[in-house]
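Visitor: I would like to learn how to read a protein model step by step. Could you take me through this one?

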Amino acid sequence: DVIHVPKLVAGTGAQLADLGNAGSNDGATIAAIQYDRTNELEATITIDQHWYASKMVTDPAKVQSQPGLMEKYTMSIAYDLANKIDLYIESILSAGVTTNTVTPTAGSTTYDEKITLDDWVQLFEKLRAVNVDPVGDGCVLVVNYKIFTALCNPKSATGQYVSHANVVAGANGMVSGLVPTFWGVPVIMSNSVGTGANEHCAYLLHPQSFGFASSIAPRVTSQYDIDFLSTKVVADSLFGCAAINEDYSAKMINPAN
């Protein structure tokens with residue numbers, strides 16, 4: 001399946017030139033409205049990713065185990081599948097955001113923990129430069145686990161790095177380790193986001209920048225196999241993800257050295 005999504009093109013707008021001529025009854029002095037083009041660009045989401053996770057549970061393991069074993073196996077393979085989908089989505093984000101990028105000047109061995117306030121300011125400025133309000137437009141900041149931990153647990157010199165400069169005890173629950181908001185934008189952690197040199201370590205995402213669609217939502221199927229005297233359990237999903245209005249989002253790339 002291929003989903004066709006229109007890419008909105010900003011209009012120009014114009015001023016009416018007939019102000020004060022409302023008394024005309026023949027239309028001779030009333031200017032016609034000029035309409036913007038309607039041949040919008042198009043983005044497509046191809047649903048061609050079929051991922052699965054599976055386990056085989058033998059009879060002795062199933063019968064002699066503690067109660068709830070199959071539920072635990074189901075949760076385990078469901079997590080494995082979700083992780084695969086997450087990794088694929090991150091690869092699309094990484095390849096899709098190409099114009100609004102920021103590369104910090106952090107130290108060579110502590111890239112992620114030492115992103116400065118100036119670096120974050122540049123990331124947010126990239127979106128404001130294209131008329132996107134990160135807070136008002138519902139953007140989300142997705143970061144790796146090192147940055148997320150630094151935001152929740154400030155450990156550097158006061159005023160030097162973003163965690164200390166933006167956090168005081170008791171503000172937004174950040175010091176307590178709860179999920180933070182950064183300058184009014186929700187922060188989400190994903191282990192699919194890379195750490196270290198040259199890695200894309202953070203994404204400031206507009207909700208209309210990327211699209212996700214599925215023909216088969218994540219599902220779990222089980223079947224008994226008499227040849228192996230075991231229960232086979234499989235979780236799978238058929239989906240696709242693509243950039244739509246990628247210029248509305250920005251990303252941060254760790255320096256090479």
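Guide: Let us begin with burial, keeping in mind that this is a predicted model. Of the 257 residues in the protein, 37% are buried, and the accessible surface comes to about 14,700 Å², with 54% of that area belonging to carbon and sulfur atoms.

Visitor: Which secondary structure elements does the protein contain, and how many?

Guide: The protein has 5 helices and 11 strands. Among the strands, 6 form an open sheet with mixed pairing, in the order β4-β11-β8-β5-β7-β6. Strands β4 (101–102) and β6 (181–182) stand at the edges with a single partner strand each, so one side of each has no neighbour in the sheet.

Visitor: How many bridges join β8 to β11, and which helix lies across β8 and β11?

Guide: Strands β8 (residues 200–205) and β11 (residues 250–253) run antiparallel and are joined by 4 bridges; alanine 202, for example, has methionine 252 in β11 as its bridge partner. Helix α2 (residues 69–96) lies across these two strands, at about 80° to β8. Helix α3 (residues 117–128) also packs on the sheet, where it touches β4, β5, β6, β7, β8 and β11, and its direction makes about 155° with that of β11.

Visitor: Turning to the surface, is tyrosine 35 buried or exposed?

Guide: Exposed is defined as over 50% relative accessible area, and tyrosine 35 counts as exposed because its relative accessibility is 72%. Tyrosine 35 is found in the loop between β1 (2–7) and β2 (41–46), and together with Leu16 and Ile33 it forms a nonpolar surface patch with about 400 Å² of accessible area.

Technical notes. Residues numbered from 1 in each chain as written. Predicted model: local features only at pLDDT ≥ 70, side-chain atom pairs only at ≥ 80, totals over all residues. Heavy atoms only, no water. Pairing = 2+ DSSP bridges. Contact = heavy atoms within 4.5 Å. Axes fitted to C-alpha atoms, helices over the stretch in contact; angles between N-to-C directions. Patch = residues over 30% accessible without salt bridge, like charges linked within 9 Å, V, L, I, M, F, W, Y side chains within 5 Å. Areas by Shrake-Rupley, 256 points an atom, 1.4 Å probe, with all protein chains shown as cover. Salt bridge = Lys/Arg side-chain N within 4 Å of Asp/Glu carboxyl O. Buried < 20%, exposed > 50% of the residue type's maximum accessible area, 1.4 Å probe, protein only.
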